[in-house]
Structures are given as structure tokens and as C-alpha cells.
Amino acid sequence: MLRPSTQRYSVTRPLYSEDTFEDEHAKVYRKHKRLLDHFIQYFTCTSERAKNTAVSLLPIIGWMKIYSIKDWLLNDIVSGVSTGLVAVLQGLAYSLLASISPWYGLYAAFFPVIMYFFLGTSRHISVGAFPVLSLMVGAVVTRLVPDEGLPANITAFEGLTKDEQRILVSASLTFLVGLFQLGMGLLQVGFIVMYLSDTLISGFTTAAAVHILVSQLKFVLGLTVPGFSGPLSIIYTLKSLFTQITSTNIHDLVTSIVVMVMVLGVKEINDRFKSKLPVPIPIEVIMTVIACGVSYAFNFSENHGVDVVGKIPNTFESPIAPSLQVFQMTAVEAFPIAIVGFSVAFAVAKVYSVKHDYLIDGNQELIAFGASNIFGGAFKSLAASTALSRSAVQESTGGKTQIAGLLSALIVLVVILGIGFLLEPLPKSVLGAVVIVNLKGMLMQVVTVPYLWKKDRPDCIVWVGTCLAAIFLGLDLGLAVVLTDLQFALALFSVFLNLRQIYEPEGVKIFRIPSPIFFANIDFFRDKLKDAVGFNPLRILRKRNKAVKKIKKMIKKGELTLTSVQSEDESNMEDLDKPTDYSDLPIQVNWSADLPANIRVPPVNIHSLILDFSGVSFLDISALKGLKAALKEFIRVSVDVYIVGCDPYIIEKLRNCKFFDDEIKTSIFFLTIHDAMLFIHESHPPKTVSEEVNKTV
């Protein structure tokens, strides 16, 4: 802090009117391009642009050039096998949500993966069936082909069995979802996902988890319950369940309970000892094998009336053309499915891209998933996205690229063509139990409600409103609440621009935020802040931590110089995001000087960052988390951050939400830019003329 004797505020400057101020400080105007300029730029082709376009449309070209067979291939093989086993089980289980035969879920773990391998920008997500999407597809399937009564009047249904009619609806819907996603990707509207807040998505996915839980109870209890769709469908389903509760199949119930207890217990062990286990214990696969063996040995299907998976064809079925009549009847549902599938996949991909330090492209992801669903729909696949648990397996087992995804598809191929018959005695109650266990993460989101109520009641109301609407009105109408909030976000969205040229002393960057910060623009804010300072603090932090590890290793070995520097093992990327650990380092590292062993770390050309919050009137929970992460990134690379002109209401909200800790303190707030500059000059005195001359010489 400033010494008491120097805590004085003194300003001497000319008297300014707006006119005289603008004469001395010119405004910065953006050059607005005409429509013709955009047209010419879009259709201008150069060799560099053609190369970039090819890499953009086929991201596989980019990462294959840097693929290290020695360092990555073994990891991808282990990850691919592990993910493939999980994908088989989840494919069978999630197909039940769509009210179609189980083996069609396996197609979702094969065909879309092949297409995403070439077109996707994420190296770590596992493409395939996703429970929320499967449930939304199932609602459409049961609406057009109900369990009881006549199907919809569709010409293509003539001569088909009920199962074949449902497959036609599912495949056509998947094809249409792919068309919507591909169209949005070509129109470059991938930015739409930034307008879906974390709070809102959390409420929606929690409601979806409730729907999924209720839909699986009929398999766990061994009951026959007709499918319901539309508002209050969950109430009708529960009513049908309770009226038949006395007819519960005890063998199904006991089997489900045993599977759920075992899977939950071992998953807890996996989470607690993940740093010590080379790979997570594949308990779901183990329990499936045991359940198949027990069911076959005791002939559960015939002796005890247990509903099993049944015949699995050992070949791929012929592709089919989608039905235009189904397109017309499902267009309203297809668009929300396309949005939800892409939003979830992009959110997961973004987490892993930040963790492993590479870029993903929202528009290219839309194109990739669009093409994947079109390709999959033609081969009767379910709508594809990514499942969080399956992607976690692919990443945590060491997967480096989508080669792991390709290998997982090969495992699925082996099951379909070779050993699928071994899964025929598998009870559907086991699949239902696996689905319910995997809902734990989504259902546990409800614990955020008390926190939101205490810290941000508007966000809490959004969460509860979205969740209740999706539960009682159905997922399609519930998503309408999401899209209503999207319109609100679009109305509030604004850009960050400094309208005037301002003087910035050497080593200081002043960044002005002229609007509220909330879920829709927090990522834009962070990107613009990085552009303004000219570097990515998280990337520099990781390079510094790698450099410190290398220097410590050199000192320990007694090496003074190294001819080459090998890249550090990045298996534990979380350690690289923590503050640099200088313990056990007998020397002080000057990051502005040359480092030993040809270690290269990008320089940081500022020591202080001032954020002008005078225009910030609102800050929500999502933005608060993003702001805290951004500030810590700068603080950890030795950039002092100061916030000026902040509304007292926002400071109080930051206190209530536990924003401050050992790294971010309340002392970073100042009343004005001038106050912050006085403090910075005290901490970092400006160079004298002789120092500047010596630096030049």
C-alpha cells in the first residue's frame, strides 16, 4: 500500500470543454465496410487463404502435422479401447431413451465418429449418443408412432412394422437435425452458444435428467408403460408406473439395485484415486459382462420374464432415404435438438481445449456435427452429440487426438460384426440402471439453487423457472424458455471499444468496459482483453511452469547447458495452470532475460493492468466466475491488476460470492484511474532520462 505521507491526490490540468478535449484527444472511429466490400473480401481467393480454408474445413490436417507417434500413439490406443467399451454400453442404453431397438444406439457410436474424425476441431470429445438428445428424439418417435393406437398418417409407413416405423422417424429426424446444424455452420452462426448462460443450461439439463430418470423406471421395475409426450407427460408416466407398481418384476429390480450400488461405489473410488489409477476401473463394462453371464446361465428371459436386449444383427443394415413427411412433422422439434446437441458438445470441447491449449471453432463444430448426423441418419443412427462421462473417459485415459475416437469406433465395429451376440441375454434393466447412474452429475446440479438464491436471485429464478418449465411442459417447450432468454441476451449484448485515445505510461495497459458483463459477453470480454494486452496470460503461465520444471531438473542433475529441450509431459495440465512454484529453486528467474538451455518463454511487456469499471452496472454469476479466472491468469504472470470506478453494489456482490481470496484482494479497487496510476507510480517508478539513455545504448 501507499505510505501515509504520500497518500495525496493532486491534479493540475487545463479546463476542458468537449470541443477542446476532442481537439487534443482524437476519437478512434471504426471504418465501416460497405456490403460490396464484404462481398469482395469474401470471394477474394489467394493461395494463403485457400490453404487456411482447407485446414479450417479439414482440421485433421492441422493436428496430423504435429502428431507424435512415439509420444501419443500408445495413449490414443489405450484411450480408444477404454472409450469404445463405454460407448458400446452407453449406445445400447441410450437407445432405450429413444424408444428404438438397442443396437441402433451402436450405430451412433460408429458412423458419426468417422465423419467427426475428419471435420471436428476438438481432439478430446467422444462423439455418439447423448441421453438428453436421445430422450428428445424418443418424444418425437412416440408422438408419431405411439405404443398404443395408430401411427401418424405418413405414406412411407406403409408395409412397415412398428419398430421399422420408429427407426424411419428416428433416422429422418437425425438427418434433419444434421441439416439444421450444417446450415447454421455454413451461415457462420456458431456464436449463438455464447448466449446460453451456464445457469440456464444447468436448469434445462437437470430437468432433462429428471425426465430420463422417470423414463428408465419402467425398465428397472420390469413394467410395461406406454410412452407419453407433450405437457405433463411426466405426470402421466408416473401415474402409469404407480398403478402397476404391484406387478414389479423382482429379478429386474434386484439386478438394477445391485448394478447401481456397484457402479456408484466404484465410480467414487475412481474419482477419489484418479491420480493413482493408470486408467479408471471400467465398472460398467464389468457389471455388464457379469449380468450377461448370470442372465444366460439362469435363462432370465424365459424363466423369470426379464426383458432382454434380444437379437443383435451381425451386419449393418442398408441405408435409407429420409421421409419428407417426417421432416414436415418434426421440424419444430428438430431445431431445438440441433441447438441442444451442439451447445453441450461445444461446452465440453471448450473445457478440454482450454485445458490442453488449442483452439476450437464453433462454426466448424456445427459443420462437423451437421455432417456427422446427416451421415449417421442415412444409416439409421441416433442423433449424435457427446456424453460428458464418455468424453471424460477418453481424456482421462490419455487420449491426445481423435485417433482415440476412431479406435473407439473400431471397437464398436467389432461388437456389431463379431461379438454382438454375446450381449443378447443382457437385461434391459441393467441398461436402465447404467443410464440412471450416469445422471448423477446432472441431478446434483440442484445443489446450486441455495447458493444462487443467496448470491444472485435473478439467476436463481432463471434456473428454477427453466427447470420447472422443462419438467412439466416437456423439453421442447422448456427449451422455448431458453430461446426467450436468448432474445433478452441478444438485446443486451455490446462490444468493448475504447472510444478515445488515452495516454498509457510504459508498462501500463488501461482497458475500459462500457457495458454490463454477463454470461453472453464474458468470453468476448476475455478475448478482447487478451487482444488489448497482446498476449495470452494462461499460455505464458504454462510455459513459465514448464521452464521452471526444466531448470529444477537441470540443477538437480548438475547440468549447466542442454543442446535441446524436450517438451514436458503434459499429462497433468492442471499443475501448469497453478501459480509458478519457485520452492527448491536456489536462483531467481528473470523472465525478461535469456534463459538457460535455449528455453523460450514469451515476454510480458506490461506490469500493471487497469480495468475501468465505471460503465459496468451489472455482473452475473457466470461473468463473475469468468472475471475471477481472467484476473488470476494475469496475477500469476506477475501483472498487477487494478479495478477502478466500480459500483459499490458490484463490490458488495463480489464479497457475497466469495470472489476475494489469497490472490485477488479488495486492495485492487480504486476510485479513479488517477488514484490507481499514483499507486502504480509508487510501486513501479518511471525510468529517469539517464536510465532510458542507458537502455538505448
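Modeller: Before we start, helices and strands here are DSSP runs, numbered from the N terminus: helices are H or I with at least four residues, strands are E with at least two. The model is predicted, so local features need pLDDT of at least 70 and side-chain atom pairs pLDDT 80 or more, while totals for chains, interfaces and linings use all residues. Residues are numbered from 1 along each chain as its sequence is written, and side-chain values use heavy atoms, leaving out hydrogens and water.

Colleague: Fine. Where does Ser638 lie, and why is Ser638 called exposed?

Modeller: Ser638 is in the loop between helix H27 (621–635) and strand E5 (640–644). Buried means under 20% relative accessible area, exposed over 50%, and partly exposed in between (1.4 Å probe, protein chains only). Ser638 comes out at 52%, so it's exposed. Its phi is positive, about 65 degrees, although it isn't a glycine.

Colleague: And what makes Leu232 partly exposed?

Modeller: Leu232 has 38% relative accessibility, so it falls in the class between the two cut-offs. This residue sits in the loop between helix H10 (198–221) and helix H11 (233–243). Leu232 isn't a glycine either, yet has a positive phi of about 65 degrees.

Colleague: Why does Ala347 count as partly exposed?

Modeller: Because its relative accessibility is 42%. Ala347 belongs to helix H15 (residues 324–356). Its C-alpha is 9.6 Å from that of Asp198, 149 residues apart along the chain.

Colleague: How do you know that Asn363 is buried?

Modeller: Its relative accessible area is 15%, so Asn363 meets the buried cut-off. Asn363 is in helix H16 (residues 362–378).

Colleague: With which side chain does the side chain of Asn363 make a polar contact?

Modeller: That of Gln188, at 3.3 Å. The rule is a pair of N or O atoms within 3.5 Å; within protein, one must be able to donate a hydrogen and the other to accept it, and residues adjacent in sequence count only if both atoms are side-chain atoms.

Colleague: What makes you say H8 is mostly covered?

Modeller: Twelve of its 14 residues are buried, including Pro131, Val132 and Leu144. Helix H8 (residues 131–144) reaches 20 Å from first C-alpha to last, close to the 20 Å expected at 1.5 Å a residue; that expected span is 1.5 Å times one less than the number of residues.

Colleague: Last one: how many disulfides are there?

Modeller: A disulfide needs a pair of cysteine sulfur atoms within 2.5 Å, and by that rule the count is zero. As for two of the cysteines, Cys467 is buried because its relative accessibility is 6%, and Cys657 is buried because its value is 5%.
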